[in-house]
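Hi,

Here is the structure I said I would pass on. Have a look at it first, and then read my notes below.

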Amino acid sequence: MKLKCIPKIAGRHIVPLATLVCSLSFQALTPSVAAASIETRYVKPTAEVVVRRGQGNEFKIIGMVKDGDRVDFLEESGSYARIRFDDKEGWMLKRYLSAEKPLGEVVSALKQERDRLEQNNIEVSEQAQQTSSELSRIKGDLDVVLAERDKILSDYTILKDDTANVVQIKNDLERVTTENGQLQETLGSVKEENRKLKKEAAIHWFLAGAGVFLIGILIGRLPSPSRRRKSSLL
């Protein structure tokens, strides 16, 4: 992004004001631009390394960095690198910088990861135990439910058989009732026929008795042989 600074007003150069405006504008934009390109570097295992204001031993020392220190890598120029540390910026030999984390920090990170994994393992084990207990409880509940289901099925089978028996009994009762009605009708017919036969038999017996009586009377009125002979003799 280019900044357009006003070089002159009314034909006169206003260098201090223009320079001040451009400088302030550039400083205001520099942090955001630089922040996008900042990388992290680590000081390699060595003795303390000096950080100077510029590139070379003639520049003033502004601080020291030691093995494993984390610094912001801003830029490089030749064998030097510009860094930021402890809110200060300076130059140091870039051969003492590395993008890889120091071994101590790596080991510490691995230990933390190990501790985290061990804690996760403990939590998972506890969850597994809780899940196992919950599974046992659910299995017990399932056994109870299955037992109740089997009992219900058994009761249903018995009820179904009883219902079938009731239906059969009802059908048999209806059939027996129908047959009883038919037998009652047959019995009535037989009784009526028997009454008629008894009446006819009584009449037959009466007629037979009357016939015998009449025959007796007729026989009684017939003349005897001795009387016939007497009459003939006379």
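One term before the rest: a residue is called buried when its relative accessible area is under 20%, exposed when that is over 50%, and partly exposed in between. Keep in mind too that this is a predicted model.

Let's start with glutamate 76. Its relative accessible area is 47%, so it falls into the partly exposed class. Its side chain meets that of lysine 94 in a salt bridge, at 2.7 Å from N to O. This pair ties together distant parts of the chain: glutamate 76 belongs to strand E6 (residues 70–77), while lysine 94 sits in the loop between strand E8 (88–93) and strand E9 (97–98), and the two positions lie 18 residues apart in numbering. Lysine 94 is partly exposed as well, with a value of 32%.

How many salt bridges are there altogether? The count comes to 16. Two others that I looked at are in helix H2, which covers residues 103–221.

The first of these joins aspartate 141 and arginine 137, with the closest N and O atoms 2.9 Å apart. Both residues are in helix H2, four residues from each other, or about one turn of the helix. As for accessibility, aspartate 141 is partly exposed at 38%, and arginine 137 is partly exposed at 44%.

The second joins aspartate 172 and arginine 175, where the closest N and O atoms are 3.9 Å apart. Why are these two about one helical turn from each other? Because they are three residues apart in helix H2. Aspartate 172 has a relative accessible area of 28%, so it is partly exposed, and arginine 175 is partly exposed too, at 42%. Elsewhere, salt bridges with shared partners connect Asp72, Glu75, Arg82, Arg84 and Glu89 into one network.

Not everything on the surface is charged, though: Leu103, Val106, Val107 and Leu110 make up a nonpolar patch there, with about 360 Å² of accessible area together. Take valine 106 as one of its members: this residue is located in helix H2. Is valine 106 buried, partly exposed or exposed? At 31% relative accessibility, it is partly exposed.

If you open the model, glutamate 76 and lysine 94 are a good pair to find before you turn to helix H2.

Cheers

Notes. Residues are numbered from 1 along each chain as its sequence is written. This is a predicted model: local features need pLDDT of at least 70, side-chain atom pairs count only at pLDDT 80 or more; totals for chains, interfaces and linings use all residues. Side-chain values use heavy atoms; hydrogens and water are left out. Patches are made of residues with over 30% relative accessible area and no salt bridge: like charges are joined within 9 Å, nonpolar side chains (Val, Leu, Ile, Met, Phe, Trp, Tyr) within 5 Å. Accessible areas come from the Shrake-Rupley method with a 1.4 Å probe; for residues, only the protein chains shown count as cover. A salt bridge is a side-chain nitrogen of Lys or Arg within 4 Å of a carboxyl oxygen of Asp or Glu. Buried means under 20% relative accessible area, exposed over 50%, partly exposed in between (1.4 Å probe, protein chains only).
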